[in-house]
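Dear colleague,

Please find below the structure that I am handing over to you. A description of what was found in it follows.

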Amino acid sequence: MATTLPALLFLVVLACTGAASGFYLPGVVPADFRKKDPLAVKVNQLSSIKTQLPYSYYSLPFCKPGTIVDSAENLGEVLRGDRIENSLYVFEMMEPRLCQIVCKITPSQDEAKDLKEKIKDEYRINMILDNLPLVVPIKRLDQEAPTVYQQGVHIGIKGQYSGSKEEKHFIHNHFTFLVKYHKDANTDLARIVAFEVKPYSIKHEPDGDWRGNATPLKTCDPHSRRLVVDSDSPQEVDANKEIIFTYDVNFEESPIKWASRWDTYLLMADDQIHWFSIVNSLMIVLFLSGIVAMIMLRTLYRDINKYNQLEDQEDAQEETGWKLVHGDVFRPPANADLLCVYVGTGVQFFGMLLVTLLFAILGLLSPSNRGGLMTAMLLLWVFMGLFAGYASSRLYRMLKGSEWKNVTIKTALMFPGIVFAIFFVLNALIWGEKSSGAVPFTTMFALVLLWFGISVPLVFVGSYLGFKKPAMEDPVRTNKIPRSIPEQPWYMNPVVSVLIGGMLPFGAVFIELFFILTSILLHQFYYIFGFLFLVFVILILTCAEITIVLCYFQLCGEDYQWWWRSYLTSGSSALYLFLYATFYFTKLEITKTVSGVLYFGYMLIASYAFFVLTGTIGLYACFWFTRLIYSSVKID
């Protein structure tokens with residue numbers, strides 16, 4: 001254990017300091033290519049930061065191959081809305097091609113309308129080559145700043161002709177691809193390390209009759225050195241107007257090795273902000289740790305000595321009121337079964353997050369494995385059902401409960417059932433929009449099968465094991481008659497103290513929360529799990545310490561109903577999370593009502609999960625604290 005902790009700390013620091021380069025293992029076997037080997041470009045979903053509704057590439061009138069072949073996708077990819085299919089873009093390794101015609105289309109009225117809507121909503125085309133996503137390099141105004149990579153290329157742009165105020169829609173119908181490769185010095189084999197594109201809109205003109213892909217073009221002819229280098233004569237989208245799609249492809253040797261090819265995509269330009277977030281959160285933790293240390297010193301040394309020696313009973317009652325409720329402090333709370341259910345669910349969620357983050361900082365969740373993170377989290381959630389059942393039944397047994405089967409059923413069904421119901425409604429809305437983000441029936445059935453076929457039985461196994469063990473003994477006896485609770489000052493009102501308790505845990509994580517929301521909603525890469533793990537540890541400490549502090553003040557006021565209060569104190573940070581998500585929504589450019597409903601629906605699920613997680617941490621911290629201080633008191 002002594003050698004494991006320093007090793008883990010070293011990996012966390014390595015993951016943080018190396019966050020700019022993304023600490024990960026390649027995750028897939030590299031593909032070697034020889035000169036003239038075929039390179040098949042695959043197309044993925046059409047995505048937009050304005051609607052958050054993905055669509056299949058071929059839902060628009062793009063050039064289609066004779067047979068569309070869907071690639072095999074994992075569970076995470078399907079839930080993300082990925083739809084990976086073959087395309088007509090086929091290259092030959094290290095063989096540059098210029099002015100290659102893909103096809104010619106003549107959009108109908110409805111197709112032209114659909115294209116215009118997608119351009120208006122700033123949809124991007126996503127492509128994949130050798131498992132690398134297509135990116136558009138964007139140079140910053142500051143020459144020293146690193147190049148930023150935009151994932152996907154916009155379908156088109158809105159603009160106006162010079163001298164006209166009428167807004168037109170122009171399609172990007174010419175792509176200039178750049179494939180970078182790293183060549184082995186000893187062999188002729190090469191590996192692809194980058195896939196970039198520059199889009200253009202140009203109104204192509206055939207030179208003579210149309211002869212398919214062999215038709216020469218007046219606007220793009222490599223023999224006469226007429227190449228597409230700008231969009232001065234753009235291609236307008238209109239019904240029954242021909243659009244010719246073309247592309248260039250160039251190859252460039254790169255010093256970047258295959259194992260590091262994701263580093264440029266995962267480049268973190270804002271590492272100073274992350275470090276500021278960590279330092280800010282650590283200051284909160286140190287402040288709370290100081291308060292907890294003072295409380296522990298006071299209770300374990302001065303208060304306990306006074307109480308045990310009974311030197312001054314009146315002074316003890318005035319200054320150390322927490323000892324006066326020793327006969328009621330472990331009295332089972334109202335709705336104890338529901339509390340146990342939520343604690344078990346929180347343990348399940350905590351275990352899933354902890355193992356996922358450990359896998360990530362060890363580099364086991366490669367960014368090349370699309371959907372791998374979501375698949376891992378789902379599977380871990382299912383298998384953590386064992387710990388959920390164990391935790392809920394152990395607590396229920398200690399609270400003198402006997403209906404352990406009812407608690408087990410609620411633990412297995414309540415949280416997943418509520419989340420699944422919300423998800424089902426949101427999925428129905430996505431179906432109504434004919435989006436590829438809608439989860440198919442077969443995938444929905446697979447999720448239900450994982451839930452009832454694996455998770456529920458494991459919860460029952462854990463509950464059986466937990467209830468079978470002897471109940472934990474309370475350090476003090478509980479009186480038969482409940483003690484009356486004196487009137488509390490306004491600041492110890494349950495609502496006030498609960499709302500105050502949620503502020504600090506949220507304050508410790510909200511900066512990192514901003515980056516997570518930005519990455520998800522703006523379709524950026526997020527792979528800084530070293531920082532995320534540190535923030536997770538800080539969240540645990542903050543939740544535990546603020547709950548202990550407020551629990552101590554509550555007990556000093558002779559209020560022994562701490563069970564639910566401790567859960568809600570740290571759990572109320574979920575309220576601030578949802579309020580922050582509402583504020584963040586105002587910064588987005590989402591216009592569709594359905595997209596707004598989806599956003600708040602998913603944020604509601606995230607806030608609910610955050611409530612369960614932080615509430616469980618707070619309750620266990622307060623549970624440990626009360627057992628510690630009351631076990632140190634001598635009771636006649």
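Buried residues account for 51% of the 636 residues in the chain. Please bear in mind throughout that this is a predicted model. The chain contains 15 helices and 13 strands. Of the contacts in the chain with a separation of 6 or more, 81% are between residues 24 or more positions apart.

I begin with the nonpolar cores. The largest of them has 86 residues. Within this core, the residues with the most contacts are L555, W562, W563, Y567, Y599 and Y630. The element that gives the most to the core is helix α15, residues 593–630, with 17 residues. As for Y599, once its neighbours within four places in sequence are left aside, this residue is in contact with L521, A581, Y584, F585 and L588. Another core lies apart from the largest one and has 57 residues, including L46, M127, V136 and I155.

Two helix pairs deserve a description. In the first pair, the axes of helix α11 (residues 494–521) and helix α14 (residues 573–587) come within 8 Å and cross at roughly 40°. Because of this angle, α11 is oblique to α14. The crossing in which α11 passes α14 is right-handed. On the α11 side, the contact is made by L499, G502, M503, P505, F506, F510, L513, F514, L517, T518 and L521. On the α14 side, S573, L575, Y576, L577, Y580 and Y584 take part. By class, the residues of this contact of α11 with α14 comprise 14 nonpolar, three polar and no charged. Two of the residues named here return from the account of the core: L521 of α11 and Y584 of α14 are both in contact with Y599.

One residue of α11 may be looked at by itself. M503 lies in helix α11 and belongs to the contact with α14. Is M503 buried or partly exposed? M503 is partly exposed, because its relative accessible area is 47%, and the limit for a buried residue is under 20%. In sequence, M503 and S572 are 69 residues apart, while in space their C-alpha atoms are 8.0 Å apart.

The second pair consists of helix α8 (residues 385–398) and helix α9 (residues 404–432), which pack at an angle of about 140° with their axes 10 Å apart. The crossing of α8 and α9 is right-handed. Here A388, S392 and Y396 of α8 meet W404, V407 and T411 of α9. The contact of α8 with α9 has four nonpolar residues, two polar residues and no charged residues.

Finally, there are two points on the backbone. Which value does phi take at C99? Phi of C99 is positive, at about 55°, although C99 is not a glycine. This residue lies in strand β3, residues 97–105. C99 counts as buried because its relative accessible area is 10%. D130, also a residue other than glycine, has a positive phi near 50°. Where does D130 lie? D130 is found in the loop between β4 (124–129) and β5 (132–133).

With kind regards

Key:
Residues numbered from 1 in each chain as written. Predicted model: local features only at pLDDT ≥ 70, side-chain atom pairs only at ≥ 80, totals over all residues. Heavy atoms only, no water. Axes fitted to C-alpha atoms, helices over the stretch in contact; angles between N-to-C directions. Helix = DSSP H or I, 4+ residues; strand = E, 2+ residues; numbered from the N terminus. Parallel < 35°, antiparallel > 145°, perpendicular 65-115°, else oblique. Left-handed = near helix turned anticlockwise from the far one by under 90°. Contact = heavy atoms within 4.5 Å. Nonpolar A, V, L, I, M, F, W, Y, C, P; charged D, E, K, R; others polar. Core = buried A, V, L, I, M, F, W, Y, C linked by side-chain atoms within 4.5 Å. Buried < 20%, exposed > 50% of the residue type's maximum accessible area, 1.4 Å probe, protein only.
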